[in-house]
Amino acid sequence: KARLDTQRPDTIVLHRKRLSTVASSDPKMRVRSSSDSKEKAGAAPAEPMFGPTWSKTDVSTLEETLSEISGSKFSFTESKNLEICADSCNLPANMQRNLLTIVGFTFSKLGKDCKLKMLTINCSQLNADSALQQSLAVGISKLPELVSVDFSDCGISPQGCIALCNALASNDTIISLTLSNNHLGDTGACALADLVAKNKKIRQLVVSNCCVGPLGGHALAKLATDQTNLLHLDVRDNAVGCDTVDLLNTKQ
């Protein structure tokens, strides 16, 4: 089975076929690692770069891994749906930590050649929060046919949510965004409210059980009453407060 290199934590390599975008021989192709944390505080993350040795073989290896854990054959250039749930995610720990970061880089590289329409990741073991901040959010924004994104039960923090919102601000294809059962808090909720205010394509936003309080709840409720593009808002199982509930009731 394909696996990540556990001997060199600063590189991501799929054995049997190298994932050459992160070959350690070229520092420009390294994925950011723990050693990169020594960079100057406050410095902007280095933009992921792809070397000239990126090949169809590398993509094929990644497709095999995704096919195995999703339970159905997956192709970046042909498949319309990718769904990974916790029950199907039985991977070595090192691969779990880095898989979605590699997927994000691949999305960015393939861009318009990727035909994905629906992306569903419901697996906290896959370190989606870190992946969103490194490459996955930007990669998702590059997909021209993607209409639905579901990151429920992925352990996403306010910072991961902000990274996703920043990347999707100018996206013009995604109409449904689901982030249920994550720890978004008021910070994440306010970022989502700003996103939907800017991105008029989003029709459905689901943030049930996301630790949203009155501040974030009010921002989302006001959004629901002001933005005619948002047709469905789900804030169930959040302590949003009575004022927010009253504001939402005026929308109905």
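**Exercise 1. Which residue does the side chain of lysine 115 meet in a salt bridge, and at what N to O distance?**

Solution. This is a predicted model, where local features need pLDDT of at least 70, side-chain atom pairs count only at pLDDT 80 or more, and totals for chains, interfaces and linings use all residues. Residues are numbered from 1 along each chain as its sequence is written, and side-chain values use heavy atoms, with hydrogens and water left out.

Step 1. Set the rule: a salt bridge is a side-chain nitrogen of Lys or Arg within 4 Å of a carboxyl oxygen of Asp or Glu.

Step 2. Apply the rule. Lysine 115 meets glutamate 145, 3.7 Å from N to O.

Step 3. Place the partners. Helices (H or I, at least four residues) and strands (E, at least two) are DSSP runs, numbered from the N terminus. Lysine 115 sits in the loop between α2 (93-110) and β2 (118-122), and glutamate 145 in the loop between α3 and β3, so the pair ties together parts 30 residues apart in sequence.

**Exercise 2. Trace the other salt bridges and give the accessibility of their residues.**

Solution. Step 1. Glutamate 145 also forms a salt bridge with lysine 80, with the closest N and O atoms 3.7 Å apart. This pair links distant parts of the chain, 65 residues apart: glutamate 145 lies between α3 (128-141) and β3 (148-150), lysine 80 between α1 (56-70) and β1 (81-85).

Step 2. Widen the view. Lys80, Lys115, Lys117 and Glu145 are linked in a network of salt bridges.

Step 3. Grade accessibility. Buried means under 20% relative accessible area, exposed over 50%, and partly exposed in between (1.4 Å probe, protein chains only). Glutamate 145 is partly exposed at 23%. Lysine 115 is partly exposed at 27%, and lysine 80 is partly exposed at 40%.

Step 4. Turn to arginine 236. Its salt bridge is with aspartate 234, the closest N and O atoms being 2.7 Å apart. Arginine 236 is exposed at 57%, whereas aspartate 234 is buried at 7%.

Step 5. Count. The rule gives four salt bridges.

**Exercise 3. Describe how α2 and α3 pack.**

Solution. Step 1. Take the axes, which are lines fitted to C-alpha atoms, for helices over the stretch in contact; angles run from 0 to 180 degrees between N-to-C directions. The two axes come within 7 Å and cross at roughly 10°.

Step 2. Classify. Angles under 35 degrees count as roughly parallel, so α2 and α3 are roughly parallel to each other.

Step 3. List contacts (heavy atoms within 4.5 Å). On α2 they include Leu100, Val103 and Phe107; on α3 they include Ala131, Leu136 and Ile140.

Step 4. Sort the contact residues. Ala, Val, Leu, Ile, Met, Phe, Trp, Tyr, Cys and Pro count as nonpolar, Asp, Glu, Lys and Arg as charged, and the others, Gly among them, as polar. The α2 and α3 contact has nine nonpolar, six polar and no charged residues.

**Exercise 4. Characterise the largest nonpolar core.**

Solution. Step 1. Define the term: a nonpolar core is a set of buried Ala, Val, Leu, Ile, Met, Phe, Trp, Tyr and Cys residues joined through side-chain atoms within 4.5 Å.

Step 2. Size it. The largest core has 60 residues; among those with the most contacts inside it are Phe107, Ile140 and Phe151.

Step 3. Assign shares. The largest share of this core, seven residues, comes from α2.

Step 4. Look at one member. Phenylalanine 151 touches residues including Leu119, Leu136, Ile140 and Leu179, not counting residues up to four places away in sequence.

Notes. Parallel < 35°, antiparallel > 145°, perpendicular 65-115°, else oblique.
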